[in-house]
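Biologist: Please take a close look at one part of this model, the place where chain A and chain B meet. I would like a connected account, with each term explained as it comes up.

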Amino acid sequence: MADSTALSKDSPAQVALVGNPNIGKTTLFNLLTGLRQRVGNYPGVTVSKKVGVLPLPKGTAELIDLPGTYSLAATSLDERIVVDVLSGQVHGLPKPNLVVCMIDATNVVRNLFLASQIAELEIPMIVLLNQWDLAQKQGLQIDIDSLEQRLGVPVIPCVATKKASATAVVDAIDKTLVSPKQLKPIDWPEAVTEATCTLRADMPEGVSESLSDAEIHRLLFDANSALAERLDWDDETRRASVEKARRIVQSGGFNPMAAEPLLQYEHLNTLTESVVNRAGELPKQHSESIDRLLVHRGWGLAIFAAIMYVVFLSVYTGAGPMMDLIEWGKGSLQDWIAPMLSSTPMLQSLVVDAAIEGVGAFLVFLPQILVLFFFIALLEDTGYMARAAFLMDKMFSWCGLNGRSFVPLLSSYACAVPGIMATRTIEDPKARLATILIAPLMSCSARLPVYVLLIGAFIEPEHGPFVASLTLFAMHFLGLAVALPLVWLFNKFLLKTRPQPFVLEMPRYHVPKFTDIAWRMWESGVEFVKRAGTVIFAITIIIWALLYFPHSSAVEEVTTQQFIAVQGLTLEQIQADEDQAAALGQAIDSAYLEQSWMGRMGRTVQPIFASAGFDWRITVGVLASFPAREVIISTLGVIYSLGGEVDEESHSLQDALKGATWHEGPLIGQAVFTIPVVMGIMVFFALCSQCGATLAIIKKEAGTSWAVFSFAYMTALAWLGAVLCFQIGNLLG
Amino acid sequence: MDATLSTLPIGQAARVKAYDQCNATDQRLMVMGLIPGVEVRKIRVAPLGDPIAVEFDGRCVSLRRTEANSVRLESA
């Protein structure tokens, strides 16, 4: 038997955990596997795959947590992976030895639908009746023994949060792996069986052999099955054959498009008759009372806005101390390493200015990512996220998306990377792509330093704190205001997305488990840190090289000579005076930057930005910030001879910007940073695709050509925005 | 013209009679248990007027008016 080998040490038994969404699967998974879990991707798709080691009395098994689904009728990527894994069609992943099907004890019949479909895949099964405590509180009486007998598989009552349940589940898994039992599938009426046979007979050679009846039923019954994509069967003949098979079902007196749920539920109702009984009336649901308050027609949106405000406030302020700590750690590391490498200035610059500075500047956002994911997990696990989608759906429906796009876009306000990762729950691939394309337009936390610097230097002193905070709010709103009409255009003309339906179950409210939330934070943190070590590191080195080389020593000599001539001091006098020595050092840094490849590029490219009022220095800043927009601050610091160690609240940088004048051209002597230029820069940064990490994740999720498209359209949009700002601003005087 | 889930007043219940098209969205609703013969109650409308939330078999599901339009009802 295959089962004895499956339990041997070199190939642990594969156990798949399935069930409807929001049922407590992941809670049980975390309880069963604890620290022995890992997250990866299924080959070729970006659905995250959670696998953990399940210790059994003898040996171990591999537990796979599959995405929640109501049925094998797959419309989203997440759902499709469930069918593919269970039918053994995922490369490198053998067909599971056992399926653990978790169902809601308070709604047995509706939840058994999925189990009954899986039964046709002929995999041994265990049924878990989760929320057993709640079912009893509701006065439900479920005769476990009769249910076990009628289903033909072990039925275990459980509470996913309780340790005792975990023991019972492990025990059942262990026993069933040794003596496997399969759930009794439905007896289809003659017409369905005949249609299935006909469809199989029509299949091209090589296709029919690999498919089970359950998979053929997907083609037969589902209005648009994602399964069709994986078959080597051309669309036209497939459609004709499916039509023919459906006519057979029709001739048997069934509507082929409604036959499956009607027949399955009839079968399940008979199967569970007198097994599930309710004592008295269904008690009032407490979720309904909470909803009456939280999703209220009048103040539901106000509560929603207040919750979002708290989330944003926490992301900005709650992460502060940890960000300061990382900044401090980065600075200390630089101070510690720099003297060790002082004999080799180039290596010193590479390690200190590029590697530590670049990766550190990225890692500084880790606390924000963690805080954001804490709230996303909290809102999802309590059940509020589905309500948020319910409240916001209307805002997205007119532009062709649905409420599910809300979470990814909200997340993108902290960082587009986790936001784009969060699009995996969107069913339609085109709607998912559309959301990925606009997610980077949301004003992420890396844009904040740019706004703070420029508003602090130019808006607040002149117009007061009210206009300043209004400007800050407007900058955050701009991306969304541009994104919605844009996604309408994308959907209508580019992607030709079908209007997105919106059907979403409102899960019961419940108190989340802290460990579940901690796991979510950990997973997102690990994924983020991994990127810092790879993509960000590589890009940082490239930009550093462009800013550093050719680094001819003649630059230093010439600048020193000029400095001596201007100051009227000898070199010794300058070196003796600390301030003068620092000023000379900064002048040299600035000259090196001007002579670097990036500096020369800035001068070459500047004419393109002239119509936005940018001088070559701003242009260098813009170019240097393409890998990571927050780089603009330190680059401007270098350009204005302040050294790299400046931040957005640095008064010397603000003063330097205020004092900056044109050195050449028609505007010579006039201030560079006028209000239209400042607004132009902010609009440019709000709309531009200046984030290597985001482009890398778009490439991973949607492919190279969409990453290129995203970069191109956002950059063009940003340029247009900056030019419009400058030109209109000048017209208005 | 039959009554549909979209026109059902808030707080009222009715029985599902049939679906207009049986497209993928209708199929999803049926899989969730909203099959002909089941009693369904409209519990609320979103603040912006769409979508709506309905309850059947102890399940609360939200859907848009356009989708609710294809669910035809008869009085419970």
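Modeller: What follows describes the interface, then some salt bridges, buried threonines and nonpolar cores.

This is a predicted model, in which local features need pLDDT of at least 70, side-chain atom pairs count only at pLDDT 80 or more, and totals for chains, interfaces and linings use all residues. Residues are numbered from 1 along each chain as its sequence is written, chains are lettered from A and ligands numbered from 1 in the order in which they are written, and side-chain values use heavy atoms, with hydrogens and water left out.

Start with the interface. Contact means heavy atoms within 4.5 Å. In this sense, 43 residues of chain A are in contact with 34 residues of chain B. The size of an interface is often given as the accessible area lost when the parts come together. Buried area is that loss, found with a 1.4 Å probe and summed over both parts. Chain A and chain B bury about 3,400 Å² between them, and 57% of this is on carbon and sulfur atoms. Of the area that chain A buries against chain B, 20% is supplied by Arg297(A), Phe390(A) and Val503(A), more than by any other three residues.

Next come the charged and polar pairs. A salt bridge is a side-chain nitrogen of Lys or Arg within 4 Å of a carboxyl oxygen of Asp or Glu. The rule finds six salt bridges across the interface of chain A and chain B. Arg110(A) forms a salt bridge with Asp57(B), and their closest N and O atoms are 2.3 Å apart. A polar contact is a pair of N or O atoms within 3.5 Å; within protein, one must be able to donate a hydrogen and the other to accept it, and residues adjacent in sequence count only if both atoms are side-chain atoms. Across the interface of chain A and chain B, 14 residue pairs are in polar contact, both residues being at pLDDT 80 or more.

Which elements of chain A supply at least two residues each of the side that touches chain B? They are α4 (108–119), α11 (259–271), α12 (286–294), α17 (384–397) and β10 (503–505). Helices (H or I, at least four residues) and strands (E, at least two) are DSSP runs, numbered from the N terminus. The largest share of this side, five residues, comes from α17(A). By class, the side of chain A that touches chain B has 19 nonpolar, 12 polar and 12 charged residues. Here Ala, Val, Leu, Ile, Met, Phe, Trp, Tyr, Cys and Pro count as nonpolar, Asp, Glu, Lys and Arg as charged, and the others, Gly among them, as polar.

Another salt bridge is formed by the side chains of Arg59(B) and Glu505(A), at 3.4 Å from N to O. Arg59(B) lies in strand β5 (residues 59–63) of chain B and Glu505(A) in strand β10 of chain A, so the pair joins two chains. Buried means under 20% relative accessible area, exposed over 50%, and partly exposed in between (1.4 Å probe, protein chains only). Arg59(B) counts as buried because its relative accessibility is 4%, and Glu505(A) counts as buried at 15%. A network of salt bridges links Glu288(A), Asp291(A), Arg292(A), Arg387(A) and Arg44(B).

Over all chains, the structure holds 30 salt bridges. One of them joins Asp84(A) to Arg80(A), with the closest N and O atoms 3.0 Å apart. Both residues lie in helix α3 (residues 77–86) of chain A, four residues apart, about one turn of the helix. Asp84(A) and Arg80(A) are both buried.

Two threonines of chain A come next. Thr423(A) lies in the loop between α19 (416–421) and α20 (429–438) and counts as buried at 0% relative accessibility. A polar atom of its side chain lies 2.7 Å from the backbone oxygen of Ile420(A). Thr33(A) is found in helix α2 (residues 25–33), and the side chain of Thr33(A) reaches the backbone oxygen of Phe29(A) at 2.8 Å.

Last, the cores. A nonpolar core is a set of buried Ala, Val, Leu, Ile, Met, Phe, Trp, Tyr and Cys residues joined through side-chain atoms within 4.5 Å. The largest has 123 residues, of which Phe406(A), Leu454(A), Phe614(A), Phe673(A) and Phe684(A) touch the most other members. Helix α21 (residues 448–494) of chain A gives the largest share of this core, 16 residues. Apart from it lies another core, of 76 residues, including Ile118(A), Met125(A), Val16(B) and Cys22(B).

How values were computed: Buried area = accessible area lost by both parts, 1.4 Å probe.
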